[in-house]
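Have the sequence and the 3D view open side by side. The walk below goes from a single residue to packed helices, and then to sheets.

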Amino acid sequence: MKKFFNLFYKNLFLTNRLFTAVGCCVVLFMFSFFFPWLGIIPDLAFYTLLLLIFIDILLLYRTLNGVFAKRHAPERMSNSDDNELGIYIESWYPFNIKAGIIDEIPFQFQKRDVLFKTDLKPRQRKLINYVLRPTKRGEYDFGYIRVFVESPLRLVTRRYNFKQAETLPVYPSFLQMRKYELLAISNNLSEIGIKKIRRLGHSLEFDQVKNYVQGDDYRTINWKATSRRGSLMTNSYIDEKSQHVYCVIEKSRAMKMPFDGLSLLDYAINASLVLSNVALLKEDKAGLITVAEKIGAVIPADRRPTQINKILEVLYKEKTRYLETNMEALYSTIRSVIKQRSLVVFFTNYESQSALYRQLPFLKRIAKFHLLLVVFFENTELKKLSEEPADNVEGIYIKTIAEKFAYDKKLIVKELAKYNIQSVLSTPQNLTINTINSYLEIKARQKI
């Protein structure tokens, strides 16, 4: 009995319709003092309201478990992507009800208005879908699902609490990785901005001897096979395989800068994951190195089926460090880990030329042994400031400084080119596409 009483008073709420009805009764009682002819009408209205409240409570509590709700969530969520979740709800009441559903989502989303309203018929089931977009990696804690039920009278509300507490990890953008993977398999990467690069010269990777068809390069004719078969035969070549592609991610304070809710480190992590997967699909070997004031994770290049999952798990745990990058330790690690000429994609950020000059001596050393591709970010906020018209002296000053910083970025590209270091200056939103374009261009031009 005590348990039922606690369930009753903790989960029973009054509706606006009831407050309106009570207000009408109060007005009738007030009018009865001035208009005696109203007689017992106010009393009848009041007792009728009490009876309706009792009937409403009886309708809602007659069925012990009137509704059932459960959250449908994936095993893990993808950072910076729209992740679909659902709430399954079923009514066991013998009459139509109105339900309000609150899902206690993690505090990281800073949302307090996740309320879904729906109508349910007797024994009806529904699945309500909604979307969440996380902007940070890590663990996200979900809480209760609370369902507020009203009968057709809608005078009181009964609350149901369902223990659906669970913790979901948010990984780097594996949904984006799968999208690029499917397009790469079907050779439709151009649909999302990946350029088709014209292949220069011939690859040295022999594939097979095949019949000559019109349009084949006559320089590839295999004269020995032609004399044996009595018809023209040509050698076919494919892109070189098993080349090493290393993504090196800087985790210093320069990568903490946010754009569109995500830090530069998260953009670099998402791009590294996609690039590694594309490299594996091209039958190259993908590896990973992370660095800040000390060396973080080191994954030697490989192309085993488990390699991409290993990279994904390591990237999930990476966090920004707030000290200066130890370039000497990075150079030593690259020399000791990478034994053959490889493509080294270095994700970093330079806001000024002085930041580049601090790292340039080590970048030049790395470029002596490997093909180095430096990927850094264009400051979109400064670009917007430089494009806005200046209305006063302060605006002219701000516009001039913004243009100066934007011009410094272009000078950094030229400075790197002097030492045969390739670079990609990209907005955060287009980082993945621009990085893959550069990788495919390097492959097509056989620079590794």
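**From one serine to two sheets**

S438 lies in helix α12, which spans residues 431-444. The model is predicted. Is S438 buried or exposed? Its relative accessible area is 14%, so S438 is buried; the cut-off for buried is under 20%. Leaving out residues up to four places away in sequence, S438 touches L373 and V424.

Now turn to helix packing. Two packed helices are described by the angle between their axes and the distance between those axes. Take helix α9, residues 353-369, against α11. These two helices pack at an angle of about 15°. Their axes are 11 Å apart. Angles under 35 degrees count as roughly parallel, and α9 and α11 are therefore roughly parallel to each other. Their crossing is right-handed. Which residues of α9 make the contact? They are Q353, L356, Y357, L360 and L363. On the α11 side, D408, L411, I412, E415 and L416 meet them. By class, the contact of α9 with α11 has 7 nonpolar, 1 polar and 2 charged residues.

Helix α11 covers residues 393-418 and also packs with α10, residues 380-387. Here the angle is about 135°. The axes of α10 and α11 are 8 Å apart. Why are α10 and α11 called oblique? An angle over 145 degrees would count as roughly antiparallel, and 65 to 115 as roughly perpendicular. The angle of about 135° fits neither class, and α10 and α11 are therefore oblique to each other. The crossing of α10 past α11 is left-handed. From α10, the contact takes in L382, L385, S386 and E387. From α11, it takes in I398, K399, A402, E403 and F405. The residues of this contact of α10 with α11 divide into 5 nonpolar, 1 polar and 3 charged.

Next come the sheets. Strands of a sheet pair through backbone hydrogen bonds, either parallel or antiparallel. One open sheet has 5 strands, in the order β1-β10-β9-β5-β6. Its pairing is antiparallel. At the edges stand β1 (12-14) and β6 (115-120). Each has a single partner strand, so one side of each is left without a neighbour in the sheet. From one strand to the next, the twist averages 25°.

Look inside this sheet at β5, residues 97-103, and β9, residues 145-150. How many bridges join β5 to β9? There are 6, and the two strands run antiparallel. A99 stands opposite V149 in β9. Helix α3, residues 41-62, packs on the sheet. α3 touches β1, β9 and β10 (156-162). The direction of α3 makes about 20° with that of β10.

Another open sheet is formed by 3 strands, in the order β2-β4-β7. The pairing is antiparallel here. Which strands stand at the edges? They are β2 (67-72) and β7 (125-132). Each has a single partner strand, so one side of each lacks a neighbour in the sheet. Neighbouring strands of this sheet are turned by 20° against each other on average, direction ignored. Strand β4, residues 83-91, is joined to β7 by 8 bridges. β4 and β7 run antiparallel. To find the register, start at E84, which stands opposite V131 in β7.

Technical notes
Residues numbered from 1 in each chain as written. Predicted model: local features only at pLDDT ≥ 70, side-chain atom pairs only at ≥ 80, totals over all residues. Heavy atoms only, no water. Axes fitted to C-alpha atoms, helices over the stretch in contact; angles between N-to-C directions. Helix = DSSP H or I, 4+ residues; strand = E, 2+ residues; numbered from the N terminus. Left-handed = near helix turned anticlockwise from the far one by under 90°. Contact = heavy atoms within 4.5 Å. Nonpolar A, V, L, I, M, F, W, Y, C, P; charged D, E, K, R; others polar. Pairing = 2+ DSSP bridges. Buried < 20%, exposed > 50% of the residue type's maximum accessible area, 1.4 Å probe, protein only.
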